[in-house]
Amino acid sequence: MELHQWWRHIIVFLVNTWIPSCFAQTTPPARSSPMPTPQTADNLDTLKFRLSGFPRKHNEGRIEVFYKGEWGTICDDDFSLANAHVLCRQLGFVSATGWTHSAKYGKGAGKIWLDNVQCSGSETSVSVCKSRGWGNSDCTHDEDAGVICKDERLPGFVDSNIIEVQVDENRVEEVRLRPVVTMATKRMPVTEGVVEVKNKDGWAQICDIGWTPKNSRVVCGMMGFPHEKKVNKNFYKHLRKRSAEPKAKVKATRQESKIKAITKTSSKPKRGKSAAAKRLYAERQKNFFLVHSVACLGTEVHLAACPLEFNYGNATESCPGGMPAVVSCVPGPLYTQSPTMKKKLKMPPTTRLKGGAKYGEGRVEVLKGSEWGTVCDDRWNLVSASVVCREMGFGSAKEALTGASMGKGLGPIHMNEVQCTGNERSLWSCRYKNITAEDCKHTEDASVRCNVPYMGYEKTVRILGGRTRYEGRVEVLHTEANGTLRWGLICGEGWGTQEAMVVCRQLGLGYANHGLQETWYWDSSNVTDMVMSGVKCTGDEMSISQCQHHRTVNCQKAAARFAAGVICSETASDLVLNAQLVQQTTYIEDRPLHMLYCAAEEDCLSKSAASANWPYGHRRLLRFSSQIHNIGRADFRPKAGRHSWVWHACHGHYHSMDIFTHYDLMSANGTKVAEGHKASFCLEDTDCDEGVSKRYECANFGEQGITVGCWDLYRHDIDCQWIDITDVKPGNYILQVVINPNYEVSESDFTNNAMKCNCKYDGHRIWVHNCHIGDSFSEEAEKKFEKYPGQLNNQIS
């Protein structure tokens, strides 16, 4: 009987353990017919995505997912363009243009997190698409999928700053400098303070034992500063000692005396103790040392990329004899308060950033000889980008961008395959290759996004009432005489694109599409008072408060409906004139007056033409062709809508802009001796780069504009494509052409809108040479150009 019961127990045990485990170990479905299921997980909102691999542009690569503390890849089985659309949007791009299979960007490592992913394309996250499930895959890394995203950011997307390092349960993502001295907390930017790293819901310190200047250099770079400097540690030790002492002796009640006695004998307040005891305990325990050893090389762009040793156990006691690490940084010239330091830290003349919407970002251009040129993106990485950023007076690089992300440059490409160690003072000190015609095109221009100091400017201005956060009425934070703060409006009189540019940049919203002088349709705020008027900006200011404005408000139209407004955009156009074509096509024509009636009607002749003996006689015209390229990242569209375009029967076309270009002939001292102007006869795509399609055509009252990658050609034989030089005497002159002279339409870069040429006129013929875009030469070369005496071989004095 006992034997029988023993066997019975054995059978029950097998039924309860062995049989369920068999059912749990069923064979996974075949790859040809997967059983996809939508995924749900507790921490899907913490998913992160990145593009990896080589070679690749910044908007393409092997797709990697950060899930459950580990980076992994996605298998290419059942992958589709719809999957790529979802993933590209999660990476901050508007959509996908393609995808890749078979580990085109190289094999990944670690987990293959997803397999047989099937998205419709409309999902907000790949986590809700059907798949085998997280970590369930029968693939190898030879099948890692990649995506190619459209190089256009989602509006408002915050660029990630994920550094590709091994991440474990202890990781450093956010770092800050906490100022200790009271005065320093009120001053921007914060250049000195205790280094703190984000830890769960709070901040923790780093032990300063073994702390080196190389560690400080990395932290300063993250904070937006190019250099570090030595810290007065004795000052902080003294400050720490003082903070531990009572601030003042005050009469205490018996209860408070008891509390003090308790806190002396016990390191922890017991339950039921007063708030005063808890405060004392918090003061004594304020340092939490999460990291006790940092060993940076100084070239890293993030503290997470340095070897770190984390504390385990009682972190508050893990820095014996030490104190929290303190770092002091040297700000770049844009951010320093001292005028003397500004002169000492003058911007380097050999590198510049062009085409960026924010400070510290743009296409990298370098000066070789006397001519500016671009850098090819082959092998372009964060280390080389950081050299540029620090050289420009910013911190380390946040992103190293490829594929002309900040627009295409002009002129020569000076450098290719740049390889920096990270310690160089200039990009020219790095290893690089010279360019041949076959190596690179301007579609491969390298760009950077640098870490810049936090200034808090976005807190002093806001825009309200728009349909999106990119548009609205501008309101500024104004300090009253009694010290109170209030929001007031800005007077719309004289408000334009330049002023709107400053507001959009201040709010981190890119460029200004329009600066509006009336905003009655955005009346969503109870703010009605004007606190600023007469605002005039150069467009380079960091804050609207730095622009010129009236000391006291003087606004003719002070009603709230005439307040200033803006429409911002992530991208903008950039128009540039083909300087060589101007030089090749310039000539003189004596045109009979009877053929110039239309031109006179459109004010394309000099003033003396009004007193001429019409229709007899002629006017002497300096003629040339203009080829205007859009090398920006958005189409150039006229500011006025087609409902307000003006029909000109004489020429049979619509004018969409009052003034599109200015043509000037100037003497060597800058005096204007003759001028011309061109209303926008019609803005259209005459021709385009390979692979770019025309979008704008003037015929049949069509849409007007210039597409990115296209150009509008005004031939030399078109009316008003000239300067009337009938009254000009022989001599040396400068021919200047300025596109979009009144800043009517937003552009990412207005400095390249002017073109200049040297001219020599002998009364019969004209010689034009040295034609160039206004910012393509060095300052020294430009000065020599303006003093150039002209050609000497024609023997005119």
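**Figure 1. Trp 722 sits in strand S39, which runs over residues 722–724.** This view, like the others here, comes from a predicted model. Is Trp 722 buried or exposed? At 0% relative accessibility, Trp 722 counts as buried, because the cut-off for that label is under 20%. Leaving aside residues up to four places away in sequence, Trp 722 touches Leu 596, Ala 599, Cys 604, Leu 605, Leu 621, Leu 622, Arg 623, Tyr 663 and Gly 676. One of these neighbours, Cys 604, also offers a polar partner: its backbone oxygen lies 2.9 Å from a polar atom of the Trp 722 side chain. For a sense of the fold around this spot, take Arg 620: 102 residues separate Arg 620 from Trp 722 in sequence, yet their C-alpha atoms are 9.7 Å apart in space.

**Figure 2. Helix H9, residues 382–391, is mostly covered.** Of the 10 residues in H9, eight are buried. Which ones? They are Ser 384, Ala 385, Ser 386, Val 387, Val 388, Cys 389, Arg 390 and Glu 391. Have a look at both ends too. At the start of H9, Asn 381 brings a side-chain oxygen to within 3.2 Å of the backbone nitrogen of Val 383. Just after H9, Gly 393 adopts a positive phi of about 95 degrees.

**Figure 3. Val 180, Val 181 and Phe 235 make a nonpolar patch on the surface.** Together these three residues show about 200 Å² of accessible area. Val 180 is found in the loop that connects strand S9 (175–178) with helix H3 (182–185). With a relative accessible area of 32%, Val 180 is partly exposed. That value also lets Val 180 into the patch, because patch members need over 30% relative accessible area.

**Figure 4. A disulfide links Cys 119 and Cys 129, with the sulfur atoms 2.1 Å apart.** How many disulfides does a search of the whole structure find? The search turns up 15. In the Cys 119 and Cys 129 pair, the torsion about the S-S bond is about 110 degrees, so this disulfide is right-handed. Both cysteines lie in the loop between strand S6 (111–114) and strand S7 (130–131), so the pair ties together parts that are 10 residues apart in sequence. Cys 119 is buried at 11% relative accessibility, and Cys 129 is buried at 1%.

**Figure 5. Cys 537 and Cys 547 form a disulfide within a loop.** Their sulfur atoms are 2.1 Å apart, and with 105 degrees about the S-S bond the link is right-handed. Cys 537 and Cys 547 both belong to the loop between strand S27 (530–532) and strand S28 (565–569), so the bond connects parts 10 residues apart in sequence. Cys 537 and Cys 547 are both buried.

**Figure 6. Cys 757 is bonded to Cys 771, while Cys 759 is left without a partner.** The S to S distance between Cys 757 and Cys 771 is 2.0 Å. A torsion of about 115 degrees about the S-S bond makes this disulfide right-handed. Cys 757 is in strand S41 (residues 754–761) and Cys 771 is in strand S42 (residues 766–773), so the pair ties together parts that are 14 residues apart in sequence. Both Cys 757 and Cys 771 are buried. Why does Cys 759 have no bond? The closest cysteine sulfur, in Cys 757, is 6.1 Å from the sulfur of Cys 759, which is too far for a bond. Cys 759 is buried as well, at 1% relative accessibility.

How values were computed. Residues numbered from 1 in each chain as written. Predicted model: local features only at pLDDT ≥ 70, side-chain atom pairs only at ≥ 80, totals over all residues. Heavy atoms only, no water. Patch = residues over 30% accessible without salt bridge, like charges linked within 9 Å, V, L, I, M, F, W, Y side chains within 5 Å. Areas by Shrake-Rupley, 256 points an atom, 1.4 Å probe, with all protein chains shown as cover. Salt bridge = Lys/Arg side-chain N within 4 Å of Asp/Glu carboxyl O. Helix = DSSP H or I, 4+ residues; strand = E, 2+ residues; numbered from the N terminus. Buried < 20%, exposed > 50% of the residue type's maximum accessible area, 1.4 Å probe, protein only. Polar contact = N/O pair within 3.5 Å; in protein donor to acceptor, adjacent residues only side chain to side chain. Contact = heavy atoms within 4.5 Å. Disulfide = S-S within 2.5 Å.
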